[in-house]
Amino acid sequence: MRREGNWLLGTDMASAGYPVAPPGCPQRARARVYADGTAVVQAATPDFGTGVATVMTQVAADALGLRVDRCRFENGDTDLPTIAAAVGSAGAGMISAAVHSAGTALRDQLVRRAVADAGSPLHGADPRDVVVRDGVMTAGTASESYAGLLRRTFQPDAEALGTWSPPGRGDEFAMMTFGAQFAEVAVDPELGLVRVRRMTGAFAPGRVLNPKTARSQLMGGMLWGLGQAPLEANHMHPRTGHWANASLGEYLVAVNADAPDVDVELVEVDDAVVNPLGVKGVGEIGQVGAAAAIANAVHHATGRRVRRIPITVEDLL
């Protein structure tokens, strides 16, 4: 503990872990390449601001061997192939697995067509030797583009359905996302006020598909935990059983003035079990451990151990 004027300052940390819980049903996506060399990959998942459409466009382009600007991801329609929603930290892993499966299935289909076609420069090549980059299939010095193959064979498009079945929920592996959270707080000992000054989190979410969207979600999760630690609470009326603070006028949430500087560090790890790309979730792990880190920092500042949240003025006076 140290002092800064009338404030008691404290720092501490907490660990975080959140399970990777795959759904029990297969995940599906559809990929289609057109004769103009563009592609679309489709899945029924919604996007409510987490960046699913952006990230899955990247995954689809990578699987197909196309530039990102030549590929688009269509979603948000229940007529599209059934897939998991981006909730419960399951979205990135489940959706990317299906999109990757669809993209690689279509890429392999087009490669097989080319090497089996007597009119293709790739005729007779081993499919395993074919590399696809920017929509061009190449083996040695021979090459042919997706667009060239489709136009030459008078096909407007080609498509494939990709299916990925999640691993079982047995006891062989414990699938988790891990992290550590750090907080610095200032406590006014006379008023019992807690102000969070800094937060830092380090997280290991497997393979990171898009650092910008991942950091954004993790930062939001840490601010979610900030609201949990000193502010948010439900109160039930002891006689009627109704919620006593059922509106945002009475339920306290963190606002911009409460938000400190938040730093996020990503530690990529290889995980060959969770899904083909080794992707885990970042939605909830940012919140897990944040409140505990703040409570531990309050203990460091004041010497008082608070074992419930939210940490109220009455707990510290």
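The exercises below, each with a worked solution, concern a predicted model. Residues are numbered from 1 along each chain as its sequence is written, and side-chain values use heavy atoms, with hydrogens and water left out. In this predicted model, local features need pLDDT of at least 70 and side-chain atom pairs count only at pLDDT 80 or more, whereas totals for chains, interfaces and linings use all residues.

**Exercise 1.** Determine whether Cys71 is buried or exposed, and how many disulfides the whole structure holds.

*Solution.* Start from the classes of relative accessible area, in which buried means under 20%, exposed over 50% and partly exposed in between, with a 1.4 Å probe and protein chains only. Cys71 has 8% relative accessibility and therefore counts as buried, while Cys25, at 40%, counts as partly exposed. Next, search the whole structure for disulfides (pairs of cysteine sulfur atoms within 2.5 Å); the search finds 0.

**Exercise 2.** Describe the surroundings of Gln109, beginning with the helix in which Gln109 is found.

*Solution.* First, Gln109 is found in helix 2, residues 91–116, where a helix is a DSSP run of H or I with at least four residues, numbered from the N terminus. Second, Gln109 counts as buried because its relative accessibility is 16%. Third, the side chain of Gln109 makes a polar contact with the side chain of Arg113 at 2.8 Å; such a contact is a pair of N or O atoms within 3.5 Å, and within protein one must be able to donate a hydrogen and the other to accept it, while residues adjacent in sequence count only if both atoms are side-chain atoms. Finally, leaving out residues up to four places away in sequence, Gln109 touches Ala158, Glu159 and Ala160, contact meaning heavy atoms within 4.5 Å.

Notes. Helix = DSSP H or I, 4+ residues; strand = E, 2+ residues; numbered from the N terminus.
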